[in-house]
Amino acid sequence: MRLPALFFGFLAAASCRAAVVYDFTPVTQQINALVTRENLGGASLMVIQNGSVIDEQYFGTYTSATRIPIASASKWLSALAIERLVEKGQMSWSDTVGQYIPTAPADKSDITLGELFSHTAGFPNADAPCLGDETNYTLATCADQILSMPLLYTPGAGFIYTGNGMQVGGRMAEVATGKSWDQIFQDEVTTPLDMSHTDFATDSLKPPYVAVPNPQIAGGVRSTLRDYANVVQMVVQEGVWNGVPYLSANDLAEMQLDQTHGARIYYTPDPLPYYGYGYGEWRDSVDAQGNAEQVSSTGKFGTSPWIDHSTGIAAVFLVFDNKDRLPCDIHQLWMNVGNVVGADVIFADSFDCVAIGGD
């Protein structure tokens, strides 16, 4: 049977698309230089476009099994767990602290779950003593300690990047579901997204899942490159993972809206221009309508998940170092990846190599 010329045209077009090979040499050279300069054990990078891995590299001693603490890259994961509960009707971003913790001080009772996960609740940047203490506190008692802290501004009126608020939000989720945060995290994140190497036991050498009594909601996850890559791939695919709906596209879009609503910035770890903060993620660039095009959630040790919706790129850079020494490297990395795949990375227009702090 003779096939029509149009059919062969489709084959040729598909072949051309499949034959596209990106040259990640500048990215490889940069990471090699970083590992050498900082005397790191290693690093790893995965870049995915439209569901296909277009770059996966391991440096130094790092392998696909390397599992490290990811600090504030945890925030994105915890926010996804909450969004799943919201989608199921078990919670709402407008729920207040007082609904779940009746003993909360009067000035904290009307703080919303959304304010806790967008750093606009009014809590100070400095971590409460209970954060990271898995011996003397439970999530419930840690939340009580945080709620006893003085607010620095009226809830909703300012932005202070901090782990304190999310800790309280995690406790609210425990009350709402009757489950521990560890169980919530497994049910809503690690199990449905096939993240078998991820948990909140940052100090454990045992394989996951290791439950802890006081998980650090905003910064206590340990994970691997491939585990976290599942997350960003799901997000860039508008809520679908392995062909199965995980979250609705609308709910993911809600997470990427500016939830700070123009609040005054009291403290931000990144002095570069940005377009507000969603739930657990930075809005690094936006389109003409104000919708997020690029989002990220870099942690203080350098691990950085990043998404560019305009090119369908989802990427994760896994490293364990001090982010204060890496601001130029991380921004330059995403600039280099953007140059390779044709993304107009926001840092290219407003790049300012300065020290960055943060959780």
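This passage describes helix H7 and the disulfide of a predicted model.

Helix H7 covers residues 164-177. At 1.5 Å a residue, its 14 residues should span 20 Å. The C-alpha atoms at its ends are 21 Å apart, which agrees with that expectation. Just after H7, Gly-178 adopts a positive phi of about 75°.

Eleven of the 14 residues of H7 are buried, so the helix is largely enclosed by the rest of the structure. The buried set begins with the run Asn-164, Gly-165, Met-166, Gln-167, Val-168, Gly-169 and Gly-170. Met-172, Ala-173, Glu-174 and Thr-177 are also buried. Several helices contribute to the cover over these residues. Among them are H3 (74-87), H4 (97-100) and H5 (113-116). Helix H6 (139-147) and helix H8 (181-190) also take part.

Helix H6 also carries one half of a disulfide, through Cys-142. A search of the whole structure finds one such link. It joins Cys-130 and Cys-142, whose sulfur atoms are 2.0 Å apart. Cys-130 lies in the loop between H5 and H6, and Cys-142 in helix H6, so the pair ties together parts that are twelve residues apart in sequence. The link of Cys-130 and Cys-142 is right-handed, with 65° about the S-S bond.

Both cysteines were also examined for accessibility. Cys-130 has 0% relative accessibility and therefore counts as buried. Cys-142 is buried, with a relative accessible area of 0%.

Note on methods: Residues numbered from 1 in each chain as written. Predicted model: local features only at pLDDT ≥ 70, side-chain atom pairs only at ≥ 80, totals over all residues. Heavy atoms only, no water. Helix = DSSP H or I, 4+ residues; strand = E, 2+ residues; numbered from the N terminus. Expected span 1.5 Å × (residues − 1). Buried < 20%, exposed > 50% of the residue type's maximum accessible area, 1.4 Å probe, protein only. Contact = heavy atoms within 4.5 Å. Disulfide = S-S within 2.5 Å.
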